[in-house]
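Welcome, and please take a moment to turn the model around before reading on. The paragraphs below will walk you through it step by step.

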Amino acid sequence: MKQHRILVLFILLSLGLSQCGKQQNAEEQTETSTTDKQDNEIMGISDEIIANPNDANLYIKRAMAYGDRNMFELAHRDVMRAMSIDSTVSSFHAARGELYFRSSELRDSRLSFEKAIALDPKNLEANLKLGEVNFLLRRYPEAIQAVDAAISINERLPKAYFLKGYIFKELGDTALSISSFQTATEVDPEYFDAYMELGNLYTAKNDSIALEYFSTAITLRPASAEAYYHKAMFLQNRGALQRALSVYRSMVKADPNSFLGYYNMGYLHLVELEEYRIASAYFDTVLTIQPNYIDALFNKGLCFEELGEEALAVAIYKEVLEQDAQYTLAAKGLERLLEK
């Protein structure tokens, strides 16, 4: 197959999966149940406040419950009530910082956590959260300083090392990033996200140790499509096609809605193995799960073109262009076939 007729598309991050039918209903029921539970919790705390109107901790407790419902105006009002009773409590300012964080008001969040730490330098959660906020604000030196302060309070804090790994990764310091993520796994051998980051960093270094980290991640979360996907992509990009296909098969077995697993199996059968019927079947499966996945539709057209079933290929290319008039590869495919 000529290179210009191949759609090369590897998607590394878009692992959101469509849900349907009973799964959606179950999720809606769970969400309703959770909401009812939160409402009951708020009403219960309100009753406690009526009985103990000068208990500042109750206002903080209700504020966080409001925060869980994204009712931030009411949440902040309760925090201010607590502070009107006692403004010297570090945890009250930390709670306010958390509420600002949840509503993406990062500057106010930072200022609140800084106030909490000024009142109590040993406030572990405030130091760690300040590190996270500074990281998101790209205040990297300040982020490292805050995380180090948290580690000085509790050196067995895996999240702190994980966060440092992210900071060093953003700074381009691969060695320190790897060291930090490895420390996170030493402190917590079940830290899935740290193994994934290590796998990705070693993938960038073209080091096969990446496979060990992805395999460990799969052991920790056998249903994780993400871990299978990254492991398969490592193998695929290095020409180990049969091993990659085996991992993709495990991926879709673990999570049948993993359309990217079917897509990449289709891609390999189309491009590398030139088994066009099999490839087309995989793209059909993708379209069953993700009907609007236009790249799968286009590649299905390529399969028919290679099989010499030009009328079907033309129909599919036209369908692609109906969905996206700017889809250049489909336009070129259509032009190729109509010129014959």
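What follows is a guided tour, from the overall fold to individual helices, rings and loops.

Keep in mind from the start that this is a predicted model. The protein has 18 helices and zero strands. Of its 340 residues, 47% are buried. The accessible surface comes to about 17400 Å², and carbon and sulfur atoms account for 49% of it. You can also ask how the chain meets itself: among contacts with a separation of 6 or more, 50% are between residues 24 or more positions apart.

Let us begin with helix H15. This helix has 14 residues and reaches 20 Å from its first C-alpha to its last, close to the 20 Å expected at 1.5 Å a residue. Its buried residues are Tyr276, Ala279, Ser280, Tyr282, Phe283, Val286, Leu287 and Ile289. As you look along that list, a general point helps: an α-helix has 3.6 residues a turn, so residues three or four places apart point the same way. The buried residues of H15 pack against H14 and H16.

H16 is a good place to go next. Its 13 residues should span 18 Å at 1.5 Å a residue, and the end C-alpha atoms are 19 Å apart, which agrees. How many of the 13 residues of H16 are buried? Twelve are, so the helix is largely enclosed by the rest of the structure. Among these buried residues are Ile294, Leu297, Phe298, Leu302 and Phe304, together with Asp295, Lys300 and Glu305. The cover over the buried residues of H16 includes H14, H15, helix H17 (310-323) and helix H18 (328-338). Just after H16, Gly308 takes a positive phi of about 80°.

One residue of H16 deserves a closer look. Asn299 lies in this helix, and because its relative accessibility is 0%, Asn299 counts as buried. Its C-alpha atom is separated by 7.9 Å from that of Tyr267, although Asn299 and Tyr267 are 32 residues apart along the chain.

Another buried residue can be found in helix H3, where Asp78 has its place. Asp78 has a relative accessible area of 1%, so this residue is buried. Which residues is Asp78 in contact with, leaving aside its neighbours within four places in sequence? They are Tyr59, Arg62, Ala63 and Tyr66. With Arg62 there is also a polar contact of 2.6 Å between the side chains.

Now turn to the aromatic rings. A pair of aromatic rings is described by the distance of the centres and the angle of the planes. The structure has 14 aromatic pairs, counting rings whose centres lie within 6.5 Å. One of them joins Phe162 and Tyr191, which are stacked, with 5.1 Å from centre to centre and 20° between the planes. This pair links distant parts of the chain: Phe162 is in helix H8 (residues 158-170), while Tyr191 is in the loop between helix H9 (174-187) and helix H10 (192-204), 29 residues apart. Phe162 counts as buried because its relative accessibility is 11%, and Tyr191 counts as buried because its value is 15%.

The rings of Phe259 and Tyr293 have their centres 5.3 Å apart and their planes at 85°, so this pair is edge-to-face. Here too, distant parts of the chain are linked: Phe259 is in helix H14 (residues 259-272) and Tyr293 is in the loop between helix H15 (276-289) and helix H16 (294-306), 34 residues apart. Both Phe259 and Tyr293 are buried.

Ring pairs can also join up. Phe135, Tyr140, Phe162, Tyr166, Phe181 and Tyr191 are linked into a cluster in this way. Rings have charged partners as well: the charged end of Lys129 sits over the ring of Phe101, 4.0 Å from its centre, and the charged end of Arg238 sits over the ring of Phe234, 3.8 Å from its centre.

Finally, visit two loops. Asn70 lies in the loop between helix H2 (56-68) and helix H3 (72-85). Phi of Asn70 is near 60°, a positive value in a residue other than glycine. Is Asn70 buried or exposed? Its relative accessible area is 58%, so Asn70 is exposed. Arg138, in the loop between helix H6 (124-136) and helix H7 (140-153), has a positive phi of about 60° although it is not a glycine. Arg138 is exposed, with a relative accessible area of 66%.

Terms used. Residues numbered from 1 in each chain as written. Predicted model: local features only at pLDDT ≥ 70, side-chain atom pairs only at ≥ 80, totals over all residues. Heavy atoms only, no water. Phe/Tyr/Trp six-rings, centres within 6.5 Å; stacked < 30°, edge-to-face > 60°. Helix = DSSP H or I, 4+ residues; strand = E, 2+ residues; numbered from the N terminus. Buried < 20%, exposed > 50% of the residue type's maximum accessible area, 1.4 Å probe, protein only. Lys NZ or Arg CZ within 6 Å of the ring centre and 35° of its normal. Contact = heavy atoms within 4.5 Å. Areas by Shrake-Rupley, 256 points an atom, 1.4 Å probe, with all protein chains shown as cover. Expected span 1.5 Å × (residues − 1). Polar contact = N/O pair within 3.5 Å; in protein donor to acceptor, adjacent residues only side chain to side chain.
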